[in-house]
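Q: Could you take me through one part of this structure in detail? I would like a close look at a pair of helices and how their sides are arranged.

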Amino acid sequence: MFLINANVLDGKFCLRKADIEIEDGKIVRLEDSLPYKEEDLVVDCAGYTIVPGFVDVHVHGGAGADSSDGDAEGLRNMAKFLLTKGVTSFCPTTMTVSDAEILKALETIRSCMDDKEGAKIVGVNLEGPFISPKKKGAQGDEFIQAPDYDVFKKYYDSCGGIIKLVDIAPECDVRGDFVEKASKLCTVSIAHTATDYDGAVDAFKKGVTHATHLYNAMSGLAHRAPGVVGAVFDNENVCGELICDGIHIHPAVVRTTFKLMPERVCVISDAMRLSGVEDGGQGMLGVNMVTVKDGKATLPDGTIAGSVTNLHAELKNLVSWGIPLETAVRAMTLTPAKEIGMENEIGSLAPGKRADLVVLDENLEIVAVYHLCFCLCRAALTAGHEDRIREEQKGKKICIAQIAEESYPKTARRAFAGGSPHSPSSRRTHSRCSRSKTTAHPRRIFRCRRSITRSRRCNTRCSDRLHPCTVC
Ligand SMILES: [Zn+2]
């Protein structure tokens, strides 16, 4: 399969016009121009930008599910939801819950690691329980434990070593051996901590190389007290997570952080189960009830409790705040991949790596997501197997806009699990128009591609049979 004529963010994170050859879910070649045979499936991506699939190493939940639930079906729904947001790899992130709940969650996550649908689980982020009760945020204090390597090792072994990140408040490590031992097994992150600059520097010397949601639940930077934030700025071995939803951190601080350490920023969502669910909902985060209003997730006392954002929304935020696209994408692809030791498999577009690709239009809206040989189309919001597309389109050169415009009746979407979304009957209904929510331009709620090509804007729900668009 070939994707040609695209603006590609290549392995060095430079935007250039290039072709990509994909075989068996891996990138085979990425060059300025590639020869292809007549029988090859060729997708013309002229005018579109291809970036690596996003990697979210800190995400609790989405689509109503939470990683700590120990519910495989919920986890699968979460993975499918994340894929619609361009996330192709993620680390389900556990909360500070009981020992039994953590063990059950780890076992469930491990059982879902080979799933083929949805974003791929690439490990676990253990956010609790080794944190400080003084900076617990939305974590439940009932189950907070002092860092204990033996307990961590029990968790680690119970799930076959899939833990990629573990959080720790270093001042609570009374034995003082946690970081040195745990950092031999996975990345250790400073988090939910009441320590100061010196305490953070000491932890970095022992082997902490990551900072969980920088600025949040830690001491900030002041001119005579640099705090944990100052220690992260000052230590080139440490990568800092940023939640870029515009609520957790002011855009000016996000910009400043990118200027200070552009290749040490790891954008995360820290999303909880109400991500992808209608605003105004309520749901549990660990042991706490969280309410979402106006896109802000809070505990009853007003404490911010996770987020309801996703990496795609954060990418659009970052670019609108003045961060170059290349820098923003790197911070949610290659940098997180490095933080979990998977940069040789995922995180950038280079031969030999997994063909996890996100195709973006000029408004940074997702047109299609390629992942594990699946192609997820924007309008359909469902997964069509590449082989099926290959079968139908064999020998044809198709345009990515054609894929983007594939839109199917809701009944067909529901039935898609076993059926073909490309059947003639499902094509008939919406062959011309796609309905796409353009959040970057709220006034344009729905738009019609055909009307755009005529330089006219469609203001009706053209894909809704009850309100047919007069233009189409
Ligand atoms: Zn979190």
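A: Happy to: here is a walk along helices α5 and α7, followed by the core and the chain as a whole. Please keep in mind that this is a predicted model, in which local features need pLDDT of at least 70, side-chain atom pairs count only at pLDDT 80 or more, and totals for chains, interfaces and linings use all residues. Residues are numbered from 1 along each chain as its sequence is written.

Let's begin with α5, residues 197–206; helices (H or I, at least four residues) and strands (E, at least two) are DSSP runs, numbered from the N terminus. Its buried residues are Ala-200, Val-201, Ala-203 and Phe-204, where buried means that 20 or more other C-beta atoms, placed from the backbone, lie within 10 Å of the residue's own, while exposed means 12 or fewer and partly exposed is in between. Viewed down the axis of α5, these buried residues fall within an arc of 160 degrees, so they line one face of the helix; the arc is that of the directions from the helix axis to the C-beta atoms. Asp-198 and Lys-205 are exposed on the face turned away from the buried side of α5. The cover over the buried residues of α5 includes α4 (178–182), β13 (187–190) and α6 (227–234). Just after α5 comes Gly-207, with a positive phi of about 135 degrees.

Now for α7, residues 251–260, whose buried residues are Val-254, Thr-257 and Phe-258. Down the axis of α7, the buried residues fall within an arc of 100 degrees, so they too line one face of their helix. Ala-252 and Lys-259 are exposed on the other side of α7. Among the elements covering its buried residues are β15 (239–243), β16 (265–268) and α9 (325–330).

Next, the core. The largest nonpolar core has 121 residues, and Val-166 is one of those with the most contacts inside it; such a core is a set of buried Ala, Val, Leu, Ile, Met, Phe, Trp, Tyr and Cys residues joined through C-beta atoms within 7 Å. Helix α1 (residues 72–84) gives the most to this core, with 6 residues. Beyond its neighbours within four places in sequence, Val-166 is in contact with Leu-126, Phe-152, Ala-182, Cys-186, Val-188 and Ser-189, a contact being two C-beta atoms, placed from the backbone, within 7 Å.

Finally, the wider setting: the protein chain comes to 15 helices and 24 strands, and 50% of its 472 residues count as buried.
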